[in-house]
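Reader: Please show me the sequence and the structure. I would like to ask why certain words are used for them.

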Amino acid sequence: MSADNGRRARRSRREVPAGLDYATPRHGSAFTRLRRTSGLSFMDLHRPSGHLTLSGAVRGELRKMFSLRSTWVLLLVVMLLQPLTTGLMACAPLAGLGRQTSQYPAHLMPASSDVFWSAVAAGLFPAMIVAGILGVLVLAREFSGATIESTLTANPRRGMVLMAKGFVLALLTWLAAQVGLLLSWILATLLLSVRSGTSSASRPGLALIDLLGGPLMLVLFALMGLGLGALSRSKAGGIGLFLGLTLILPLILGILRGLTHHVDWLQIPFRLTPTSLLVTFLSGLGRTAEAGRGWWPTWWQAGLIMMVWTALCCALGTLVFRRADIG
């Protein structure tokens, strides 16, 4: 009797179809396949950030910046402002002198080496403002457009996000500035002729300083704008801070220096402003004609001080961006 009961129990287990076991996921179940394909544990919330790399963040920022029309417009402005300014500076003396230059070819005008390279590098000053505004917009427009939450959801490492934006901004700004400066050099060569033997001995490397160092200085201004944009987290605030440091602060110090002739210490902060540092760097001299008394930085010291300005703005912007709430 017991044997018959055992056979009937085994037969019943074979006949009854096995239902889904929701308590314990079996091998090959949908739950197990989902966990295998995702590669992530539901309880491991910190693992996604471990798979992020700086190169991937840079590629993402490149795609993001290339998809924005404002990026292309500002980069084109940075590039085309330089030959335009050089052309205006080269053609103005020709229009002023008129027939006095009839002894030279119609498209050439004799110029000293200092005047030639001043015309080549003159476009860096308006391009400096545009590069700084581009740096501010790289991050500030994400706050104004409410896309910063999506960016930080995809990459929660804020320091890496800011570093990737800075790398892409520096690369694109350098390319636009370098191409624009080469176009300015070609245009100045066509419009101005350099007299042989007029190069000043005190400026032996002026060509290399302007052609290679000028775009790097523009990169520093763009990164300073990025730091100020991260500090203010708004377009108007970041652009206002950048214009205040580059235009308003030198103007105020220049007015105060002109009103108070006996206060010599005002000359030092005026010479340490970013715009004055750019002038000193591109001049290739440690002391200009109107330097007067007191300390005046050399061209390489001006470059180092400009790096300090950029590092300070980026450090403050990174500190605020990493600690402040998004909203």
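Author: The model is predicted, and what follows takes up three helix pairs and a cavity.

Reader: Why are α10 and α14 called roughly parallel to each other?

Author: Helix α10 (residues 206–232) and helix α14 (residues 299–323) pack at an angle of about 25°, and their axes are 7 Å apart. Angles under 35 degrees count as roughly parallel. The two helices are therefore roughly parallel to each other. In addition, α10 passes α14 in a left-handed crossing.

Reader: Which residues of α10 and α14 meet?

Author: From α10 they include Ile-209, Met-217, Leu-220 and Phe-221, and from α14 they include Trp-299, Gly-303, Met-306 and Trp-309. By class, this contact has 18 nonpolar, four polar and no charged residues.

Reader: What makes α10 and α11 oblique to each other?

Author: α10 and helix α11 (residues 235–259) pack at an angle of about 135°, with axes 8 Å apart. Over 145 degrees counts as roughly antiparallel, 65 to 115 as roughly perpendicular, under 35 as roughly parallel, and the rest as oblique. The angle of about 135° is in none of the named ranges, so α10 and α11 are oblique to each other. Their crossing is right-handed.

Reader: Which residues of α10 and α11 meet, then?

Author: Among them are Phe-221, Met-224, Gly-225 and Leu-228 in α10, and Gly-237, Gly-238, Leu-241 and Phe-242 in α11. By class, the contact of α10 with α11 has seven nonpolar, six polar and no charged residues. Gly counts as polar in this scheme.

Reader: How do you know that α7 is oblique to α13?

Author: Helix α7 (residues 124–144) and helix α13 (residues 274–283) pack at an angle of about 140°, and their axes are 11 Å apart. Roughly antiparallel needs an angle over 145 degrees, and roughly perpendicular ends at 115. That makes α7 oblique to α13. The crossing of α7 and α13 is right-handed.

Reader: What meets what between α7 and α13?

Author: Leu-124, Phe-125 and Met-128 in α7 meet Thr-275, Leu-278, Val-279 and Leu-282 in α13. By class, that is six nonpolar, one polar and no charged residues. Thr-275 is not on the nonpolar or the charged list, so Thr counts as polar.

Reader: How many cavities are counted?

Author: The count comes to one cavity of 30 Å³ or more. About 40 Å³ of space lies in the largest cavity, and that value is set against the cut-off of 30 Å³.

Reader: What lines the largest cavity?

Author: The lining consists of Glu-61, Lys-64, Met-65, Leu-68, Val-138, Arg-141, Glu-142 and Lys-165. Helices α4 (54–66) and α7 each supply at least two of these residues.

Reader: How do the residues of the lining divide by class?

Author: Three are nonpolar, none polar and five charged. Glu, Lys and Arg count as charged, whereas Met, Leu and Val count as nonpolar.

Notes:
Residues are numbered from 1 along each chain as its sequence is written. This is a predicted model: local features need pLDDT of at least 70, side-chain atom pairs count only at pLDDT 80 or more; totals for chains, interfaces and linings use all residues. Side-chain values use heavy atoms; hydrogens and water are left out. Axes are lines fitted to C-alpha atoms, for helices over the stretch in contact, and angles run from 0 to 180 degrees between N-to-C directions. Helices (H or I, at least four residues) and strands (E, at least two) are DSSP runs, numbered from the N terminus. A crossing is left-handed if the near helix is turned anticlockwise from the far one by less than a right angle, and right-handed if clockwise. Contact means heavy atoms within 4.5 Å. On a 1 Å grid over the protein atoms alone, a cavity is a set of points where a 1.4 Å probe fits but cannot get out, and a pocket is an open set with protein on both sides within 12 Å along at least five of seven lines; lining residues have an atom within 4 Å of a point. Grid points are joined across faces, edges and corners, and a volume is the space filled by probe spheres set on the points.
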